[in-house]
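Got the viewer open? Let's take a walk through this one, a stop at a time, and I'll tell you what to select as we go.

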Amino acid sequence: MGHLSAMFKLARSLSMKKSKNFCGDGDNGGGGGREAAKAMEKEAKKNELILRSSGCVNVAGSNNLASLFSKRGEKGVNQDCFIVWEEFGCQEDMTFCGIFDGHGPWGHFVAKKVRESLPSHLLCNWQEALAAAESSSVDYLLDEIDLGSDKKLQRFNMWKHCYLKTCAAVDQELEQHRRIDSFHSGTTALTIVRQASEMGGELLYIANVGDSRAVLATSEDGILVPVQLTVDFKPSLPQEAERIVECKGRVFCLGDEPGVHRVWLPDEESPGLAMSRAFGDYCIKDFGLISVPEVTQRHISSKDQFVIMATDGVWDVVSNQEAVQIVSSVTDRSKAAKCLVKAAMKAWRRRRRGIAMDDISAVCLFLHSPPPPPPFAATKMG
């Protein structure tokens, strides 16, 4: 594997004899990988490579530009949050983006905790997978991954394995957290890793838990069209409802919310979740709610222009096509997310009169440098 650099060197410098504990709890004899990941995160913050508030990330010399913006709704504290980490894991060719939508009394704390934990867990597991793949001892990976001969498939399977392992660990860690009550509170999590491909070009690895959405803007015959990269995991989806019902949970709509399917406990009209996958919400985890991500990949082509990651506060009132049109019409890319959020706010007031506006947040990740301005045409003096 060619793209190892500082991340792999650091991973190899740590003891790999107990690889299964590499990303474990430092108090239990493991955790060396987590410590390394945390050290990388600290260095990235120092170098201003991580953004967790509304603004713009554009590292000098990089083609990456990410625009972020969030607006509190009318239901109380803003429970949305996000993160963009340039040069993820000390890799110049990697970027991590995540957006999180909390719910419940402790939702804002849960969302921020998952935002804090997920990147370092993922980075640690990725280091472990790289180190194991480079060593002769890959037995523990082979038990769970069909490496195969296709390098692209192999890399995807490694990322999928890392994401599944990461989300399970984050959810378990959250359940055991002493200062955050996640029994009736939770969060969605939509994340993307952008990475250079060994076969040329770049790849997006997308992992989604919940009903936030990622939409790609790509060019077809000179026209920008949306490509939805994720599934909105709502209880109305047949496969999601089937799982919930098999686990003795219930799915139905309230009389005053026709068409809005929610998840309920077997014998109580609670908690009424509008999504079928989430971190936290342990009151209903035994009844069909899961935190397992759907992991997919997308090879970036020259026709692909940008990706919009947004919470349901955007998608409840703005279509994929409308979102692509709004972002593509912005002349200053750094303001793209703000323009999209403001358009969603106007749409809420127009289309959802009398309904409290949800928190609205978006991350716009541009995939190529903007075209150079046209050359100055000198005016011939008469």
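## The whole chain

Start with everything on screen: 52% of the 382 residues of the protein count as buried. Keep in mind that this is a predicted model. Switch to a cartoon and you'll have nine helices and 17 strands to look at. Now bring up a surface. The protein exposes about 17,900 Å², and carbon and sulfur atoms supply 50% of that. If you like contact maps, here's one number for yours: among contacts with a separation of 6 or more, 66% are between residues 24 or more positions apart.

## The largest pocket

Next, select Lys75, Arg262, Ala274, Asp312 and Asp358. These are the residues nearest the centre of the largest pocket, out of 32 that line it. Which elements give two or more residues to that lining? Color strand 5 (94-103), strand 12 and strand 13, and you have them. The pocket has a volume of about 940 Å³. Color the lining by class and you'll get ten nonpolar, ten polar and twelve charged residues.

While strand 13 is lit up, zoom in on Pro271, which sits in that strand (residues 271-273). Look at the peptide bond leading into Pro271 from Ser270: it is cis, with omega near -5 degrees.

## Helix 6 and its two sides

Now go to helix 6 (residues 238-246) and show side chains for Glu240, Ala241, Arg243 and Ile244, which are buried. Try looking down the axis: these four cover an arc of only 160 degrees, so they end up on the same side of helix 6. What do the buried residues of helix 6 pack against? Show strand 11 (250-253) and strand 12 (261-264), which are their packing partners. Strand 12 is one you've already met, as a contributor to the lining of the largest pocket.

Spin around to the other side of helix 6 and select Pro238, Val245 and Glu246, which are exposed. Before you leave, step on to Lys248, which follows helix 6 and has a positive phi, near 75 degrees.

## Two aspartates with positive phi

Select Asp221 and then Asp281. Asp221 isn't a glycine, yet has a positive phi of about 55 degrees. Asp281, also no glycine, has a positive phi of about 55 degrees too. You'll find Asp221 in the loop between strand 9 (213-220) and strand 10 (223-228), while Asp281 belongs to the loop between strand 14 (279-280) and strand 15 (294-300).

Put the surface back on for a moment. Is Asp221 buried or exposed? Asp221 has a relative accessible area of 82%, so it counts as exposed. Asp281 comes in at 0%, so that one is buried.

## Into the cavities

Hide the surface and go inside. There are two cavities of 30 Å³ or more in the structure.

For the largest cavity, with a volume of about 60 Å³, select Lys151, Lys152, Arg155, Gln195, Ala196, Ser197, Glu198, Met199, Leu203 and Tyr205, which line it. Helix 5 (151-175), strand 7 (189-196) and strand 8 (202-209) are the elements that give two or more residues to this lining. Which of the elements gives the most? Helix 5 does, with three residues. By class, the lining of the largest cavity has four nonpolar, two polar and four charged residues.

Stay with helix 5 and select Lys113, Val114, Ser117, Val170, Glu173 and Leu174, the lining of the second largest cavity. Helix 3 (107-134) and helix 5 are the elements giving two or more residues here. The space in the second largest cavity comes to about 30 Å³. Its lining divides into three nonpolar, one polar and two charged residues.

## Last stop: His108

You already have helix 3 on screen, so just pick out His108, which lies in that helix. How much of His108 can be reached from outside? Its relative accessibility is 16%, and with the cut-off for buried at under 20%, His108 counts as buried. To see its company, leave aside neighbours within four places in sequence and select Val77, Asn78 and Gln79: His108 is in contact with each of these.

Conventions. Residues numbered from 1 in each chain as written. Predicted model: local features only at pLDDT ≥ 70, side-chain atom pairs only at ≥ 80, totals over all residues. Heavy atoms only, no water. Buried < 20%, exposed > 50% of the residue type's maximum accessible area, 1.4 Å probe, protein only. Arc of directions from axis to C-beta. Contact = heavy atoms within 4.5 Å. 1 Å grid on protein atoms, 1.4 Å probe; cavity = no way out; pocket = protein on both sides within 12 Å on 5 of 7 lines; lining within 4 Å. Points joined across faces, edges and corners; volume = space filled by probe spheres on them. Nonpolar A, V, L, I, M, F, W, Y, C, P; charged D, E, K, R; others polar. Areas by Shrake-Rupley, 256 points an atom, 1.4 Å probe, with all protein chains shown as cover.
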